[in-house]
Amino acid sequence: MAGSETAEGRQGEAGRRAGPFRPGQRANAADRHVGARIRERRVMMGLSQQQLARMIGVTYQQAHKYERGLNRISAGRLFEIAQVLGVTVSWFFDGLATEVEPQEMSSRQRMCLELARNFALIDNEKHQEALSQMARALAAQSQSEAVVAETREEADLPEAAEAH
């Protein structure tokens, strides 16, 4: 069956070689963890992959891909698997640790969050509109200053080249 490999299967292979999770990747560490928990529960119940596959209405190859974390499992399918295996959906996620430490917010991010929170606390719509207009004006001013500075740098480039 190696000759009948699908594009979907090749994408899965490429995704596994690519390393850390990126949006659009077929499967990630969470998918592998859930798959391992499905296998663990299936074995605990004494079921074969074929039996589990029949019970959830997929081929045994698909059940195998789920257990290996090669293919993602939809929410509905995971719910069905949980019912068949007699566990809650959350059971499959037990022990899943976050691999990435949350990064500390930059001062700019903190400022933006504080600005949004304070803006939401302003009851007067006219004051909100005034603040919004002020922000637009300041942003436009910053943009025009950046364009002027960029234009000056471009104008200075030929002179700098002649000096060397």
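1. Let's start with the fold. You'll count seven helices and zero strands in this chain. Going along the sequence, the pattern reads α-α-α-α-α-α-α. Keep in mind that this is a predicted model.

2. Next, burial. The chain has 164 residues, and 21% of them are buried. Burial here means a relative accessible area under 20%, a cut-off that comes back in several points below.

3. Now for the inside. The largest nonpolar core has 18 residues, and the members touching the most others are Ile38, Ile56, Ile73, Ile81, Leu85 and Phe92. Which helices each supply at least two residues of this core? They are helix 2 (29-44), helix 3 (49-56), helix 4 (60-68) and helix 5 (75-85). Helix 5 gives the largest share, five residues.

4. Leu85 is a good residue to click on. You'll find Leu85 in helix 5, and Leu85 is among the core members with the most contacts to other members. Is Leu85 buried or exposed? Its relative accessible area is 0%, so Leu85 counts as buried. Have a look at Leu52 too: the two residues are 33 apart in sequence, while their C-alpha atoms are 8.6 Å apart in space.

5. On to charges. The structure has six salt bridges, and a few of them deserve a closer look. One joins the side chains of Arg37 and Asp94, with 3.9 Å from N to O. This pair links distant parts of the chain: Arg37 sits in helix 2, Asp94 sits in the loop between helix 5 and helix 6 (107-121), and 57 residues separate them.

6. The two ends of that bridge differ in cover. Arg37 has a relative accessible area of 13%, so Arg37 is buried. Asp94 is partly exposed, because its relative accessibility is 40%.

7. Helix 5 turns up again with a salt bridge between Glu80 and Arg77, whose closest N and O atoms are 3.3 Å apart. Why are these two separated by about one helical turn? Because they are three residues apart in helix 5. As for cover, Glu80 is partly exposed at 28% relative accessibility, and Arg77 is partly exposed too, at 22%.

8. Another salt bridge brings together the side chains of Glu129 and Arg136, at 3.2 Å from N to O. Glu129 has 38% relative accessibility and so counts as partly exposed. Arg136 is also partly exposed, with a relative accessible area of 48%.

9. Which residues do salt bridges with shared partners join into one network? The answer is Arg37, Glu40 and Asp94. So if you are already looking at the Arg37 and Asp94 bridge from point 5, add Glu40 to the view to see the whole network.

10. Last, the surface. Glu150, Glu153, Glu154 and Asp156 form a negative patch there. One of these residues, Asp156, is placed in helix 7 (residues 125-163). Asp156 counts as partly exposed because its relative accessibility is 44%.

Notes: Residues are numbered from 1 along each chain as its sequence is written. This is a predicted model: local features need pLDDT of at least 70, side-chain atom pairs count only at pLDDT 80 or more; totals for chains, interfaces and linings use all residues. Side-chain values use heavy atoms; hydrogens and water are left out. Patches are made of residues with over 30% relative accessible area and no salt bridge: like charges are joined within 9 Å, nonpolar side chains (Val, Leu, Ile, Met, Phe, Trp, Tyr) within 5 Å. Accessible areas come from the Shrake-Rupley method with a 1.4 Å probe; for residues, only the protein chains shown count as cover. A salt bridge is a side-chain nitrogen of Lys or Arg within 4 Å of a carboxyl oxygen of Asp or Glu. Lys and Arg count as positive and Asp and Glu as negative; His and the chain ends are not counted. The place of a charge is taken as NZ of Lys, CZ of Arg, CG of Asp or CD of Glu. Helices (H or I, at least four residues) and strands (E, at least two) are DSSP runs, numbered from the N terminus. Buried means under 20% relative accessible area, exposed over 50%, partly exposed in between (1.4 Å probe, protein chains only). A nonpolar core is a set of buried Ala, Val, Leu, Ile, Met, Phe, Trp, Tyr and Cys residues joined through side-chain atoms within 4.5 Å.
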